[in-house]
Amino acid sequence: MAVPVSQAWTVATYVLKQKFLGRKKYPLVLMLEPLFRCNLACAGCGKIQYPAHILKAELSPEECFKAVEECGTPMVAIPGGEPLLHPQMPEIVAGLVARKKYVYMCTNALLLKEKLHLFKPSKYLSFSVHVDGQREHHDFSVCREGGYDIAMAGVHAAVAAGFRVTTNTTLFDGADPNSVRAHFDELMVAGVESMMVSPGYTYDKAPDQKHFLGRARSKKMFRAILSNRKKTWRFNASPMFMEFLMGKKDLTCTPWGMPTFSIFGWQKPCYLLQDGYADSFKELMETVQWQNYGTESGNPQCANCMVHSGYEASGVNYTFGSIKGMLQTAKAMFFGSYKDDGAQKILNEWKPASHAPLVQIASPVAQIADHLQEVSGD
Ligand code: SF4
């Protein structure tokens, strides 16, 4: 099982309750961003290009707990920025665990080994480690030589200490499906509980604009990666979302499914776009013109989007929306090896793109982050 039974049960009963209450739009996972500063400056990231005073700002534990209680989701993901740079992160995580929220603390793991002692293993807590591929690919993706080895050392340390450890892998143009499959093998051997994979989003603020995947290329790549699936692989994503990535299922975006709360408030309409902010979760749900978002809306910002934060909740909603959805999901979970000769052919013929030499990005953002880290003594 990719998640503990208690978590699957909590999520299933939560979604069925929303259905029973007739709620068409309901949140599933709170994306809680307590800070934006980071100790990496990845080329595909759109979250860290802020001025210094914003990068220095943080949500307090009380603000985090209020947001969680307002939206009421059973799961909370803590992306950022790098959450381990927040001096009160152990207190925030402990408070969420005490509220029986299933927490995925997303981390690049550069600090995981040294900060592990500040956390307690719990079925409610998972470290979701950002690893974008095998060593060379990950280091290229995060613009940091040695980043892979540090991240994997963090994974090993957390697994050994009894923590739940999952991974998140973001793929951009130039990813090699054969290498991604080998990467999955390595993660399973390392003892991670389950893996999440998603195409990247074309942030207009990201430094590297050349390597984002269009929808057709995404589907081809994910068909190659996720077909002929190995029995050893466990994924931390809805089976219907994964079929969507493979081009086997159409889903429409549910931007309200993973609402985002940060130092700016509730972000409209989703984790990726910033079309304003609301002061409360209620205001967010009532004031966003939801019909203006999603690929079908014709909004150019949504044209190529297939990301996990927009479509995972769509997959879960599809599962619980009908008997057909439940049967398809059960079939995918128990018999879903997705045998596909065409996908094997794509793998056999795939020509890996060679990366340009790795460039350590010494961006002002990274320098500010380093400086802030030194100043705060973390
Ligand atoms: S399609 Fe993507 S960018 Fe558009 S609203 Fe959905 S998640 Fe946001």
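1. Two strands count as paired when DSSP finds at least two bridges between them. That criterion underlies the strand pairing discussed in this note on a predicted model. T166 of the protein chain stands opposite S194 in β6, and T170 stands opposite S198 in β6. Strand β5, residues 164-171, runs parallel to β6 and is joined to it by six bridges.

2. The wider context is an open sheet of nine strands with mixed pairing, in the order β6-β5-β4-β3-β2-β1-β7-β8-β9. Its edge strands are β6 (194-199) and β9 (277-278), each of which pairs on one side only. Helix α7 (residues 147-160) packs on this sheet and touches β4 (125-130) and β5. The direction of α7 makes about 165° with that of β4.

3. The connection from β5 to β6 deserves a separate entry. Together with helix α8 (residues 177-189), β5 and β6 make a right-handed β-α-β unit.

4. Is the edge strand β6 buried or exposed? Six of the six residues of β6 are buried, so the strand is largely enclosed by the rest of the structure. The cut-off behind this is 20 or more other C-beta atoms within 10 Å of a residue's own. In a regular strand, side chains alternate between the two faces of the sheet. In β6, S194, M196 and S198 point one way, M195, V197 and P199 point the other way, and all are buried.

5. For the protein chain as a whole, the secondary structure comes to 15 helices and nine strands. Of the 378 residues, 46% are buried. Among contacts between residues at least 6 apart in sequence, 77% join residues at least 24 apart.

6. Two packed helices are described by the angle between their axes and the distance between the axes. For helix α12 (residues 308-321) and helix α13 (residues 323-335), the axes come within 5 Å and cross at roughly 115°. On the α12 side the contact is made by Y318, T319, F320 and G321, and on the α13 side by G325, M326 and T329. The residues of this contact divide into three nonpolar, four polar and no charged.

7. Which residues are closest to the ligand? They are C253, C270, C302, C305 and G310, in a surrounding set of 15 residues. That shell divides into ten nonpolar, five polar and no charged residues.

8. Some backbone geometry should be checked by eye. Most residues other than glycine have a negative phi, and most peptide bonds are trans. The peptide bond from K268 to P269 is cis, with omega near -10°. P269 is found in the loop between β8 (265-267) and β9.

9. N228 is not a glycine, yet has a positive phi of about 45°. The residue lies in the loop between α9 (215-226) and α10 (239-245). Because 15 other C-beta atoms lie within 10 Å, N228 is partly exposed.

10. Y338 also belongs in this list: its phi is near 55°, a positive value in a residue other than glycine. Y338 is placed in the loop between α13 and α14 (341-349). With 16 C-beta neighbours inside 10 Å, Y338 counts as partly exposed.

Technical notes
Residues are numbered from 1 along each chain as its sequence is written. This is a predicted model: local features need pLDDT of at least 70, side-chain atom pairs count only at pLDDT 80 or more; totals for chains, interfaces and linings use all residues. Helices (H or I, at least four residues) and strands (E, at least two) are DSSP runs, numbered from the N terminus. Two residues are in contact if their C-beta atoms, placed from the backbone, lie within 7 Å. Axes are lines fitted to C-alpha atoms, for helices over the stretch in contact, and angles run from 0 to 180 degrees between N-to-C directions. Ala, Val, Leu, Ile, Met, Phe, Trp, Tyr, Cys and Pro count as nonpolar, Asp, Glu, Lys and Arg as charged, and the others, Gly among them, as polar. A residue is near a molecule or strand if its C-beta atom, placed from the backbone, lies within 6 Å of it. A residue is buried if 20 or more other C-beta atoms lie within 10 Å of its own, exposed if 12 or fewer, and partly exposed in between; C-beta atoms are placed from the backbone. A crossover is right-handed if, with the strands pointing away from the viewer, the path from the first strand over the helix to the second runs clockwise.
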